[in-house]
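User: I want to see how the labels on this model are justified. Please take me through a few of them.

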Protein chains: 4
Amino acid sequence: MFGARGSVGTTTIAGAAALAHGSPPAGVVTELPDFASVGLVGLDQLVFGGHDLVDTPLTKQVERLAAGGVLPPGLDGLIAADLADAERNLVVPSAGGSQYDQVRRMAEDIRAFRLRNDLDRVVAINVASTEPPYEVADVDLAGLRRALATSAVLPPSSLGALAAFEADAAYVDFTPSTSIRPAAVREWAVEKGLPYGGQDAKTGETLVKSVLAPMFAARALPVHAWSGTNLLGGGDGATLADPRAAESKNVSKERGLSEMLGDVAGQVHIDYVDPMGDWKTAWDHVLFSGFLGVRMTLQFTWQGCDSALAAPLVLDLARLSALALERGHVGAMPFLGFYFKDPIESTEHSLSRQYDELLRWAQSC
Amino acid sequence: MFGARGSVGTTTIAGAAALAHGSPPAGVVTELPDFASVGLVGLDQLVFGGHDLVDTPLTKQVERLAAGGVLPPGLDGLIAADLADAERNLVVPSAGGSQYDQVRRMAEDIRAFRLRNDLDRVVAINVASTEPPYEVADVDLAGLRRALATSAVLPPSSLGALAAFEADAAYVDFTPSTSIRPAAVREWAVEKGLPYGGQDAKTGETLVKSVLAPMFAARALPVHAWSGTNLLGGGDGATLADPRAAESKNVSKERGLSEMLGDVAGQVHIDYVDPMGDWKTAWDHVLFSGFLGVRMTLQFTWQGCDSALAAPLVLDLARLSALALERGHVGAMPFLGFYFKDPIESTEHSLSRQYDELLRWAQSC
Amino acid sequence: MFGARGSVGTTTIAGAAALAHGSPPAGVVTELPDFASVGLVGLDQLVFGGHDLVDTPLTKQVERLAAGGVLPPGLDGLIAADLADAERNLVVPSAGGSQYDQVRRMAEDIRAFRLRNDLDRVVAINVASTEPPYEVADVDLAGLRRALATSAVLPPSSLGALAAFEADAAYVDFTPSTSIRPAAVREWAVEKGLPYGGQDAKTGETLVKSVLAPMFAARALPVHAWSGTNLLGGGDGATLADPRAAESKNVSKERGLSEMLGDVAGQVHIDYVDPMGDWKTAWDHVLFSGFLGVRMTLQFTWQGCDSALAAPLVLDLARLSALALERGHVGAMPFLGFYFKDPIESTEHSLSRQYDELLRWAQSC
Amino acid sequence: MFGARGSVGTTTIAGAAALAHGSPPAGVVTELPDFASVGLVGLDQLVFGGHDLVDTPLTKQVERLAAGGVLPPGLDGLIAADLADAERNLVVPSAGGSQYDQVRRMAEDIRAFRLRNDLDRVVAINVASTEPPYEVADVDLAGLRRALATSAVLPPSSLGALAAFEADAAYVDFTPSTSIRPAAVREWAVEKGLPYGGQDAKTGETLVKSVLAPMFAARALPVHAWSGTNLLGGGDGATLADPRAAESKNVSKERGLSEMLGDVAGQVHIDYVDPMGDWKTAWDHVLFSGFLGVRMTLQFTWQGCDSALAAPLVLDLARLSALALERGHVGAMPFLGFYFKDPIESTEHSLSRQYDELLRWAQSC
Ligand SMILES: NC(=O)c1ccc[n+]([C@@H]2O[C@H](COP(=O)([O-])OP(=O)(O)OC[C@H]3O[C@@H](n4cnc5c(N)ncnc54)[C@H](O)[C@@H]3O)[C@@H](O)[C@H]2O)c1
Ligand SMILES: NC(=O)c1ccc[n+]([C@@H]2O[C@H](COP(=O)([O-])OP(=O)(O)OC[C@H]3O[C@@H](n4cnc5c(N)ncnc54)[C@H](O)[C@@H]3O)[C@@H](O)[C@H]2O)c1
Ligand SMILES: NC(=O)c1ccc[n+]([C@@H]2O[C@H](COP(=O)([O-])OP(=O)(O)OC[C@H]3O[C@@H](n4cnc5c(N)ncnc54)[C@H](O)[C@@H]3O)[C@@H](O)[C@H]2O)c1
Ligand SMILES: NC(=O)c1ccc[n+]([C@@H]2O[C@H](COP(=O)([O-])OP(=O)(O)OC[C@H]3O[C@@H](n4cnc5c(N)ncnc54)[C@H](O)[C@@H]3O)[C@@H](O)[C@H]2O)c1
Ligand code: NA
Ligand code: NA
């Protein structure tokens, strides 16, 4: 994981350990009966590692998350050994050199992680802070290789993706950052014969939208305006308080709605509300009309703990991408759209269709 | 229609007339592109008639609905001729005689309606007031025939269904009343080679539930409690203020949730709030948990105009049942489950799966 | 009224006429028993006039408001004569000349209105579109007089206030515009021996805040964050879609909260959602804590028709300001704080305290 | 406290101890600056004791409340000594004998508590489970004395009140039980020269109502319907799942609304939702109209932790009643109405007026 010491990263590591100690796998979709015979790697066989810019110990993060109600109190004692194991697999990427050098160094870290833990397959998942949009020059693969040696052509998220590919790992972007958006980055994966997927996990407001919008569509009820306000604190909230980072998020949040319903009025706000901590509240207001133009509304309020919704999906994505690696899948994984606000190489946003598509792929061959 | 002068009945008649005068068909599912080549009867070819216990003129009802904001102001002038046409097809069923006699008389009314209007096919739709549950003796078809001649073996809704079958009409129950619940009533339809469908249209709270519950299921998020409160006025509200009628409604409202999510705590209330008029507000509160048991909630408030949501579905059901008649379909129509809270001979409650099933049937042959 | 042809202006004129024809005075505070013996001018003795930049006929505006559900259907016929009377008292202010000339011309219009209608007292109320903040030079009364002759020292709202004072009228600002904010404008009123009041009527979200915030304070419950989103269409919404106009509104909206609760996190959004028409929906989310720091929340959703909430208050303000004139009150009227988001020369925002203060003043002498 | 081992009782004892260890006194009204010079007993001088039917150790209850998020994790260690002190003052009342004997035995317990702890004044507060309504014979003081010797004339809550009076303690009822409702019970207090107060603390939905209802009244906005649903788990929820106990609660909940707004449609539901634990969610829907009858709504959702809202009020009531004792106040304490849904010998329900009244009394003499 890139960003392994963040809320999502830590909750994933701590949560997988808790499952190993008997917690029920709530929120882990791949533990549903539908996936029983698919041949996924066992949750207890996953080994965690990653990069992060900071080196705050995982135990410290676990403490913070337990105080915020994200992790159950008392968990830290139970999973101390698992945290220590993961801690050994965490690296702070060293700065310096060209961007190409950085990619090579991170790829080296990933290879070392694989060897040290004697792993069959590695899946790199980006759970680092959302980056602002980044203007990437429109170059082809060769051009990208040249540019990496001399200039800051890519943001960190894309360098991470390239490092993954260099280390023969699958790559999944849990964030709306640039990462695999540039065509040349994707070509890199294809050249290496590797799968990639993303972007921006849907765990709250957008998740609910992805079932409500198809409902209006299926019932032929015209939606006039869809407005939303998201209140959140935590690390992610602090990042998104920067309007440039929020822009990345908003773009991916709004794509789905217009692809599902066409042009609809209304804005989406993301407010950083520090005292909310790791909790998020989203309020949406939908103005639609029925027969003969009668105006009606639907409002919802979602109160969720973001990291506790995200972490089980990280486990899912690791298992499913490992399966894609095993099956030799090359290029985009649009069948993972179920997990994302802005599904790569797909315009399907209806959660139920996405689920069917995921299952079809998983159960195939 | 049984209950043709009620809010749903009147809105259906007035609305179809408004469409003929150029209103856009919002809420009419069968006008979606998906159904374009299915060969449904044109909306402008539908002819309306029916039974009602009261004889309040349709124009009066239209006035009342316009004052309540259900129908657009000024519509009455535009559609006066259409209302007069429909008015001629409305009958107050005469009392007296055995239940068998009543069935025969209503069947005669339906046959007369068909002849008078030179119709190819007739679909009878029950939009009469919700009845209390009715204890029907467990008899076979022959037993039912005998009992009808001598005792009050069936409630009015079931008599209406039999009248439809006797008149070679399809039958659809828009309500949670007894109607086609007894096995012998269904056998009657089969013997006559006719289709039937129902029950209890989903137009509000239950509609939303039918997409949200599958969302929780698909994401493996355990739902602990689902509580709901429905506030409504109008004729339907007044009927449901009687706890016995409300019982029928509650049973059909709650079936879906348990079939989708298993055992879940929480109650559903239906409150008659006279000043709400024809408007309904539903508030639902869902308590679920994510990873490692963290508690989260989703609330929604639906504010809809019931009849304006129901009427376009009545048009859909008329067209689709006419198609079933044309195709010679006999017996239950589970593929209409998309429209119902308590879909007959089906346990599928997920709206998106129901839509797919409906479409598959419509586009078949 | 400045802005007499807007939604608030038109609803006030049409509403007063409707009251005269027997509508109950819902929302008119000065019709409560508490004010019965205060000696206010009768609602039926009020005569309406004003300025507006546009000359769309009142009947046209009434039609638009009736279509939007703000005014009851069928009202236009009933009150046609009253609208025609008011229409004769409406003027489009002519441009040209110095700002001093404009003030003089508008004052002349007001004097003519008084004479033509043989009125004892005139109250000018600003219900024109919200202006962006305006940087007014810090001059004294004499300086202001000089500047008016040569430069655009004041925005239109302040010119309106001066015109009122020149015509011996009381002045009340229903908006958050600049109007009576500059000290020299207030001195002008004092020099003329006239009362003034404002600003920015509280009719929705802020009204509710003005009772909820004191509740938290009285119960010693610390409020950590108060977030709000306002969705509105209509003319006011379109104006506030301009971020500069919205700035004026936000400043006055937020003053109360911090004066009631001190420093509290959270943002307030005003979204222009065209399809909402004259209806406004506000959602507020309050994060507070109880004993030992336990986090709790209160959310509310207000769905109101702004002009129908505002118009009866315009009537109140006209009557109360006429009383102030009669009593020879000079300068600010802080006892009108009950009506305003940003009460002039007062820091009291608790609605119940404001009511008590208003009543005390009204019942005095 | 009667019911000292319940959620409210335990949170009060644990919370007072936490305050002594430095927690800020959030929710304790009498710690507001307004009360600084009133001469109330210090929070750290309060000593706790009481009766409960069960003997589950306080430490066990504290553990349960910490697991449920009512008390902060880790508190138990900090306050172990305080809990042990309180534990010594808790008694299980012994059954047997006439009701008069029971009163005498409990009075003896209270006197022993006073002596053992060398206290100046004792205030008995009833925080026991809500009782169903109890039909009390209409007798005078003498009649009551006779009846107590021979029959079950009173429910336990009233016996507790009498025991308090016999032991020269003030009595406050935090619940809607019968306790001090019978006239003869009140006369008993008066004969003894003691103060009493209650009933049924307002800590959630009713608290919010007590500021919103006066808002509608002050703005002359007619309220047509007020509907509410309360979801709660915990011990109190389990008690109220019994419709007879809920009846007591509903009566006291609804009194205020009708006394504030007159006749208003709408029902209030109390649903026991076990998985909610000690948390309560209330949703209220208010239908009102503005000028010319336009319909509007206000909804709110309150999500609170009941005991954490109640406990600081128990501290307030103890201090204020001790002051009343000190001042020699005899009979009802209507100035405590600020704390109650059904304020004894008062019809004032507006929170802000109640606060003013409380303060006036506290600051007098
Ligand atoms: N439900 C969810 O939580 C959810 C849903 C969708 C997307 N996301 C995305 O997941 C990401 C993580 O969210 P979070 O709540 O854990 O945030 P966080 O702020 O708690 O953690 C982010 C971590 O990334 C690290 N980081 C920043 N830049 C890095 C880099 N270049 N290389 C390596 N590490 C880097 C930070 O040091 C930090 O530890 C965010 O981008 C967020 O938008 C989260
Ligand atoms: N969104 C919706 O409106 C919706 C959704 C689901 C189900 N329904 C059901 O549709 C039905 C109609 O609702 P409505 O709002 O029009 O109610 P309504 O009270 O306005 O109308 C019911 C009509 O049925 C008539 N009626 C009663 N008994 C009859 C009988 N035995 N034979 C013939 N007519 C009879 C009544 O006279 C009345 O005119 C109800 O059962 C309701 O539960 C409505
Ligand atoms: N509940 C409420 O409706 C409410 C509450 C608080 C404040 N307000 C304020 O009241 C004002 C009116 O609201 P509205 O909904 O009627 O808006 P509106 O847009 O419908 O009407 C504003 C009118 O003002 C006129 N106008 C603009 N500039 C003018 C000028 N310089 N001189 C004369 N007329 C001018 C416009 O032509 C228009 O007719 C706004 O400033 C609004 O913020 C309204
Ligand atoms: N916010 C609030 O928590 C709130 C607000 C208003 C009223 N109340 C009332 O306060 C009371 C306590 O609430 P709770 O949540 O602590 O309930 P709880 O069920 O947790 O505790 C009640 C306690 O009373 C004890 N008890 C029952 N009958 C008794 C008797 N006759 N004598 C002595 N003890 C007895 C029980 O054993 C239990 O320990 C309830 O009546 C509730 O309605 C609470
Ligand atoms: Na079924
Ligand atoms: Na009272």
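User: What makes the pairing of C:D278 and C:R64 a salt bridge?
Analyst: This is a predicted model. The side chains of C:D278 and C:R64 approach to 3.6 Å, N to O. The cut-off is 4 Å, so the pair counts as a salt bridge.

User: Which parts of chain C does that pair tie together?
Analyst: C:D278 sits in the loop between β7 (268-272) and β8 (279-289), and C:R64 in helix α2 (residues 58-67). The pair therefore links parts 214 residues apart in sequence.

User: Why is C:D278 called buried, and what is C:R64 called?
Analyst: Buried means under 20% relative accessible area. C:D278 has 13%, so the label fits. C:R64 has 36% and counts as partly exposed.

User: How do you know that B:E108 and B:R111 are about one helical turn apart?
Analyst: Both lie in helix α5 (residues 99-117) of chain B, 3 residues apart. Their side chains also form a salt bridge, at 2.7 Å from N to O.

User: Why are α7(C) and α8(C) called roughly parallel?
Analyst: Their axes cross at roughly 5°. Angles under 35 degrees count as roughly parallel, so the two helices qualify. The axes come within 9 Å. Residues in the contact include C:L162 and C:F165 of α7(C) and C:W188 of α8(C). By class, the contact has 6 nonpolar, 1 polar and 2 charged residues.

User: What makes D:P343 and D:S346 donors of the sodium ion (ligand 6)?
Analyst: The O atoms of D:P343 and D:S346 lie 2.1 to 2.5 Å from the ion. For Na the limit is 3.2 Å, so both qualify. Both residues are buried.

Terms used. Residues numbered from 1 in each chain as written. Chains lettered and ligands numbered in written order. Predicted model: local features only at pLDDT ≥ 70, side-chain atom pairs only at ≥ 80, totals over all residues. Heavy atoms only, no water. Donors = N, O, S within 2.8 Å, 3.2 Å for Na, K, Ca; no water. Buried < 20%, exposed > 50% of the residue type's maximum accessible area, 1.4 Å probe, protein only. Axes fitted to C-alpha atoms, helices over the stretch in contact; angles between N-to-C directions. Helix = DSSP H or I, 4+ residues; strand = E, 2+ residues; numbered from the N terminus. Contact = heavy atoms within 4.5 Å. Nonpolar A, V, L, I, M, F, W, Y, C, P; charged D, E, K, R; others polar.
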